[in-house]
Amino acid sequence: MIITKSKPFTKEEIEKLKEQFDVYIKTVIDVKRNVCSAGSDRHFDSEKILLEDGSSQSNLWGGGIDIETKIIDGHSFINIRPKDKNTSNEIQDPKLRKTFKDLTRQSFKEIL
């Protein structure tokens, strides 16, 4: 199940988001609009939802959260964008990576 919203996820929503991978939730965040789309099988599914909702490609970054360890990562194939100076699946810019992690913490504050 994919849920897309700008407010933090509730505990009930997080339980639904865990259905895909149990202890890991994939996320795509629009770092400009502060909108998180989570729970997809593949990041591009959430990316598509956000693009259709008016997000710009350059503001969308993918990663996820390990529910057991509480580790947030910024790894996704959608992050490979040389025109945005990101040549890896990891979010390379330290400031952008911090923003992504901060927004993830905000979206999942019920469990972090």
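## Close-up views of a predicted five-strand sheet and its helices

**Figure 1. The sheet and its strand order.** In this predicted model, an open sheet of 5 strands follows the order β1-β3-β2-β4-β5, with antiparallel pairing. Because β1 and β5 stand at the edges with a single partner strand each, one side of each is left without a neighbour in the sheet. Helices (H or I, at least four residues) and strands (E, at least two) are DSSP runs numbered from the N terminus, and two strands pair if DSSP finds at least two bridges between them. Strands of a sheet pair through backbone hydrogen bonds, either parallel or antiparallel. Residues are numbered from 1 along each chain as its sequence is written, and side-chain values use heavy atoms, with hydrogens and water left out. The model being predicted, local features need pLDDT of at least 70 and side-chain atom pairs count only at pLDDT 80 or more, whereas totals for chains, interfaces and linings use all residues.

**Figure 2. Strand β3 between its two partners, β1 and β2.** Strand β1 (residues 3–5) pairs with β3 in the antiparallel sense over 3 bridges, and β2 pairs with β3, also in the antiparallel sense, over 4 bridges. I3 stands opposite A38 in β3, and T27 likewise stands opposite A38, while D30 has V35 as its bridge partner in β3. From strand β3 (residues 35–38), V35 and S37 point one way and C36 and A38 the other way, and all are buried, where buried means under 20% relative accessible area, exposed over 50%, and partly exposed in between (1.4 Å probe, protein chains only).

**Figure 3. Backbone turns with positive phi.** Most residues other than glycine have a negative phi, and most peptide bonds are trans. In the hairpin of β2 and β3, which has 4 residues between the strands, N34 takes a positive phi near 60 degrees. D22, in the loop between α1 (11–17) and β2 (24–30), has a positive phi near 70 degrees. K85 has a positive phi near 60 degrees and is found in the loop between β5 (72–73) and α3 (94–107); because its relative accessibility is 75%, K85 counts as exposed.

**Figure 4. Helices packed against the sheet.** Helix α2 (residues 43–52) packs on the sheet and touches β1, β2, β3 and β4 (60–66), and its direction makes about 30 degrees with that of β2. Helix α3 lies across β2, β3, β4 and β5, running at about 55 degrees to β4. Contact means heavy atoms within 4.5 Å, and the axes are lines fitted to C-alpha atoms, for helices over the stretch in contact, with angles from 0 to 180 degrees between N-to-C directions.

**Figure 5. The nonpolar cores.** The largest nonpolar core has 18 residues, and those with the most contacts inside it are F9, L17, I25, A38 and F108. Elements α1, β2, β3, β4 and α3 each supply at least two residues of this core, and the largest share, 3 residues, comes from α3. Apart from it lies another core, of 5 residues, among them V35, L50, L60 and I78. A nonpolar core is a set of buried Ala, Val, Leu, Ile, Met, Phe, Trp, Tyr and Cys residues joined through side-chain atoms within 4.5 Å. Leaving aside neighbours within four places in sequence, the contacts of I25 include I14, L17, A38, I65, I67 and F108.

**Figure 6. The surroundings of A38 in strand β3.** A38 is buried, because its relative accessible area is 0%. Not counting residues up to four places away in sequence, A38 touches M1, I2, I3, F9, L17, I25, K26, T27, S46 and F108. A38 and I2 are 36 residues apart in sequence and 5.5 Å apart in space, C-alpha to C-alpha.

**Figure 7. The whole chain, as context for the close-ups.** The secondary structure comes to 3 helices and 5 strands, and from the N terminus on the elements run β-α-β-β-α-β-β-α. Of the 112 residues, 43% count as buried, and among contacts between residues at least 6 apart in sequence, 53% join residues at least 24 apart. Along its principal axes the C-alpha trace spans about 40 × 30 × 20 Å.
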